[in-house]
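Me: I would like to learn how to read a protein model one feature at a time. Could we go through this one together?

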Amino acid sequence: MSVELQLLGWSVVLLIVYILVQGGFVAPLRGAVWNAGPRDEGQPPLGKYPGRAQRALENFKETYPAFIALALGLLVSGHTGGNGALGAWLWFGGRIAYLPLYILGVPWVRSVAYGVSFVGLIMMLTRLI
């Protein structure tokens, strides 16, 4: 099994972690009634850490579709390995580092983690094309 396919599977676990962390911060703030309801009313404002968890999840969802497409493209085209596999690792590792760095409010290093993950996507793309 290719590295890209393995990391695609693990990326689903990572998505679940992002969702659970976000939910763990936001659910207590908004309460069970709001969470179980239709959410028609305005959302209570998020505080510092719940807001960061929400924004980290949104940021993850911005690059995740590209990672999925590139990993599958590499697999289908038979171009797995090499810089594509390294790029997949960079994306995955960058996204792992990004979540706690964002929640803890670590400037610059968080941006580096994002940059590493973005470079990983570029490496996967160049391997594909």
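Me: Which side chain of opposite charge is nearest to the buried R30, and how many Å away is it?

Reply: Keep in mind that this is a predicted model. To read a charged residue, check whether it is buried, then look for a partner of opposite charge. A salt bridge needs the charged atoms within 4 Å. For R30 the nearest side chain of opposite charge is E58, at 8.4 Å. R30 is therefore buried without a salt bridge.

Me: Where is R30 found, and what does R30 touch?

Reply: R30 is found in helix α1. Leaving out residues up to four places away in sequence, R30 touches N35, Q43, P44 and L46.

Me: How many helices and how many strands does the chain have?

Reply: Begin with a count of the elements, then read their order. The protein chain has five helices and zero strands. From the N terminus the order is α-α-α-α-α. The C-alpha trace spans about 50 × 30 × 20 Å along its principal axes. Of the 129 residues in the chain, 36% are buried.

Me: What share of the contacts join residues at least 24 apart?

Reply: Contacts can be sorted by how far apart the partners sit in sequence. Among contacts between residues at least 6 apart, 79% join residues at least 24 apart.

Me: What should the 28 residues of α1 span at 1.5 Å a residue?

Reply: The general idea is to compare an expected span with the distance between the end C-alpha atoms. For α1 the expected span is 40 Å, and the end C-alpha atoms are 40 Å apart, so the two agree. Agreement in span does not settle every detail of the path. A kink of about 30 degrees in α1 is centred on G23. Just after α1, G31 has a positive phi of about 90 degrees.

Me: Which residues of α1 are buried, and what do they pack against?

Reply: List the buried residues of a helix, then look for the elements on the other side of their contacts. In α1 the buried residues are E4, L7, L8, S11, L14, L15, Y18, Q22, V26 and R30. These buried residues pack against α2, α3 and α4.

Me: Where is the kink in α3?

Reply: Treat α3 in the manner of α1. Helix α3 has 30 residues and reaches 44 Å from its first C-alpha to its last, close to the expected 44 Å. The kink, of about 30 degrees, lies at T63, shortly before the proline P65. Just after α3, G78 takes a positive phi of about 75 degrees.

Me: Why look for a nonpolar core at all?

Reply: In soluble globular proteins, nonpolar side chains tend to be buried together, so a core is a useful thing to look for. Here the largest nonpolar core has 25 residues. Those with the most contacts inside this core are Y18, F60, F67, W91 and M124. The elements that give two or more residues to the core are α1, α3, α4 and α5. The largest share, nine residues, comes from α3.

Me: What does F67 touch?

Reply: Not counting residues up to four places away in sequence, F67 touches L7, L8, S11, A88, W91, L121 and M124. Two of these partners, W91 and M124, were also named among the core residues with the most contacts.

Me: Is S117 buried or exposed?

Reply: Read the relative accessibility against the cut-off: under 20% is buried. S117 has 1%, so S117 counts as buried. The place of S117 is in helix α5. Beyond its neighbours within four places in sequence, S117 is in contact with L90, W91, G94 and R95.

Me: Is W108 buried or exposed?

Reply: Over 50% counts as exposed. W108 is exposed because its relative accessible area is 70%. W108 lies in the loop between α4 and α5. Its phi is near 65 degrees, a positive value in a residue other than glycine.

Me: How many Å separate the C-alpha atoms of K61 and G82?

Reply: Separation along the chain and distance in space are read side by side. K61 and G82 are 21 residues apart in sequence and 26 Å apart in space. K61 is in helix α3 and is partly exposed, with a relative accessible area of 46%. For A69 and W89, 20 residues apart along the chain, the C-alpha separation is 15 Å. A69 is also found in α3, and at 49% relative accessibility A69 counts as partly exposed.

Note on methods
Residues numbered from 1 in each chain as written. Predicted model: local features only at pLDDT ≥ 70, side-chain atom pairs only at ≥ 80, totals over all residues. Heavy atoms only, no water. Core = buried A, V, L, I, M, F, W, Y, C linked by side-chain atoms within 4.5 Å. Buried < 20%, exposed > 50% of the residue type's maximum accessible area, 1.4 Å probe, protein only. Helix = DSSP H or I, 4+ residues; strand = E, 2+ residues; numbered from the N terminus. Contact = heavy atoms within 4.5 Å. Expected span 1.5 Å × (residues − 1). Bend = angle between axes of the 7 residues up to and from the residue. Lys, Arg positive; Asp, Glu negative; His and termini not counted.
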